[in-house]
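Trainee: I should like to understand how terms such as contact, pocket and cavity are justified. May we look at the structure together?

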Amino acid sequence: MFNIIVKDTYDEVSLEAFKIMHEVMQKDSPVLGLATGSSPVGLYKYMIRDHKDNGTSYKNVVTFNLDEYIGIPKSHEQSYYTFMHDNLFNEIDVPEDNIHIPLGEGDDVEKNCLDYEEELQKYEIDLQVLGIGSDGHIAFNEPGTPFDSLTHIMELEEQTRKDNARFFDDDINQVPTHAITMGLASIMRAKKIIIIATGANKADAVYSMLKEDKNVACPASILQDHPDVTVLLDQEAASKL
Ligand code: F6R
């Protein structure tokens, strides 16, 4: 079931996301599902500010990230490992051992997928943070991904690589072609989900997710079956609703 909130600015959208995060953080040992990309950065800034100003502690928090590129090392400046440390983990007190990020390097990435899913299944995510791709992907589950998918390797769509080229000197050739990602069924296990979308280039994907029949052509449409999803939009992303 969707609870849709539309705000005027990205900052207001981020604050709404933070309010939900703050409520979940009142639990003893919250398990957080986290995303990279531009959409959650404002939320992470609010979390960092709250940690520094109010002492909200992440010592008992366990985190699982959605995805990671294959073909660039963990230490690469655009790896999601680096992104998460730069934008959140280095600024809060979450213990490194409690952080889980899929591993896109090594001899056997298929095995990394199985290992990640096995670890994930030991927990129940209290709050999963999502963005949405302009092609309707969530995590890196591109159109056509089966709804029952678990952590797997995904070949990225050209549109996704174009969208993400802004992080790679605007050069699509530098954007990895594959990623390791939590599957759609892995994401659906979360108790509560927030999905953040801002900007006109998300309007079509947001429309398909909310208004079209559930279909693998729009992976985010699987969220229609989830009991607790808050959709946080700005006016532009909501413009086709
Ligand atoms: C990132 C992720 C992706 C992004 C999506 C939107 O971990 O899973 O699904 O959420 O590509 O990216 P932004 O927020 O950069 O527009």
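**The ligand and its surroundings**

Mentor: Of the 14 residues around the ligand, those that come nearest are Ser39, Asp67, His137, Ala139 and Lys202. A residue is near a molecule if one of its heavy atoms lies within 4 Å of it. This is a predicted model, in which local features need pLDDT of at least 70 and side-chain atom pairs count only at pLDDT 80 or more, while totals for chains, interfaces and linings use all residues. Residues are numbered from 1 along each chain as its sequence is written, and side-chain values use heavy atoms, with hydrogens and water left out.

Trainee: Why is the pair formed by Ala139 and the ligand called a polar contact?

Mentor: A polar contact is a pair of N or O atoms within 3.5 Å; within protein, one must be able to donate a hydrogen and the other to accept it, and residues adjacent in sequence count only if both atoms are side-chain atoms. A polar backbone atom of Ala139 is 2.7 Å from an oxygen atom of the ligand, so the pair qualifies. Polar side-chain atoms also lie 2.8 Å from a ligand oxygen atom in Thr36 and 2.9 Å from one in Arg166.

Trainee: How much of the ligand's accessible area does the protein cover?

Mentor: The protein covers 94% of the 410 Å² that the ligand has on its own, by the Shrake-Rupley method with a 1.4 Å probe.

**Pocket and cavities**

Trainee: What makes one space a pocket and another a cavity?

Mentor: On a 1 Å grid over the protein atoms alone, a cavity is a set of points where a 1.4 Å probe fits but cannot get out; a pocket is an open set with protein on both sides within 12 Å along at least five of seven lines. The ligand sits in the largest pocket, which requires more than half of its atoms to lie within 2 Å of the pocket's grid points. That pocket holds about 450 Å³ of space.

Trainee: How many cavities are there of 30 Å³ or more?

Mentor: The count comes to three. The largest cavity has a volume of about 60 Å³, where a volume is the space filled by probe spheres set on the grid points, joined across faces, edges and corners. Its lining residues (those with an atom within 4 Å of a point) include Gly37, Tyr69 and Phe83.

Trainee: Why does Gly37 count as polar in that lining?

Mentor: Gly37 lines the largest cavity, and it counts as polar because the rule places Gly among the polar residues.
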